[in-house]
Amino acid sequence: MRLRTNELCPIHRSLSCCGRETLPKPRLVRLGVQRVEDPHHPRGYRELRSPAEMRKLLNRKIRQQGGVCAICHQEFTDYNDIVPDHKNPKGMGGAWRDDHPDNIQATHWWCNEEKGSTRMGD
């Protein structure tokens, strides 16, 4: 009987024995910050961030805002309640997402949900 590729050999306790070759798993490479040229954008480009880079940016925004939600102006009490909010959201005519630091603010998830795809008055 043949062993499946993801099945451990009961004799050698290995995935690469008994005539099986290990195939390298394709790794998804996510660049930290991607700069996408966009002639229609006022800056001429947009930024897309990986989840790790977005978390770093969110932590920086929390410190810049003094631990206060940008929408309701209440203090943050639990890190799990904080989400990044796009000031100029995709739903307001932006064809693509823009994760530039000037477009991100830290908010409570319920404030962000209530705001939806609207722009905040500055």
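Let's start at Arg97, which has a relative accessible area of 36% and so counts as partly exposed. Keep in mind as you look around that this is a predicted model. The side chain of Arg97 forms a salt bridge with Asp99, with the closest N and O atoms 2.8 Å apart. Asp99 itself is at 0% relative accessibility, so that end of the pair is buried.

Now step over to Asp98, which has a salt bridge of its own. Its partner is Arg43, and the N to O distance is 2.7 Å. What does this pair tie together? Arg43 sits in the loop between strand 1 (33-37) and strand 2 (45-49), while Asp98 sits in the loop between strand 3 and strand 4 (104-108), so the bridge links parts that are 55 residues apart in sequence. Asp98 is buried, because its relative accessibility is 8%. Arg43 comes out at 30%, so it is called partly exposed.

Another pair to find is Arg49 with Glu47, where the closest N and O atoms of the salt bridge are 2.8 Å apart. Here both residues are buried. If you go through the whole model this way, you end up with six salt bridges.

Not every buried charge gets a partner, though. Take Asp81, in the loop between helix 1 (51-64) and strand 3 (82-86). Asp81 is buried but has no salt bridge, and the nearest side chain of opposite charge, Arg55, is 16 Å away. A salt bridge needs the nitrogen and the carboxyl oxygen within 4 Å, so Arg55 doesn't qualify. So what is Asp81 in contact with, leaving aside neighbours within four places in sequence? The list is Thr107, His108, Trp109 and Trp110.

That leaves the cysteines. How many disulfides are there? The count is zero. Cys69 shows why: the closest cysteine sulfur, in Cys72, is 3.7 Å from its own, and that is too far for a bond. Cys72 is in no disulfide either, its nearest cysteine sulfur being that of Cys111, 3.6 Å away. The cut-off for calling a disulfide is 2.5 Å between the sulfurs, so neither distance makes it. As for where these two cysteines sit, Cys69 has 1% relative accessibility and therefore counts as buried, whereas Cys72, at 28%, counts as partly exposed.

Technical notes
Residues numbered from 1 in each chain as written. Predicted model: local features only at pLDDT ≥ 70, side-chain atom pairs only at ≥ 80, totals over all residues. Heavy atoms only, no water. Helix = DSSP H or I, 4+ residues; strand = E, 2+ residues; numbered from the N terminus. Buried < 20%, exposed > 50% of the residue type's maximum accessible area, 1.4 Å probe, protein only. Lys, Arg positive; Asp, Glu negative; His and termini not counted. Contact = heavy atoms within 4.5 Å.
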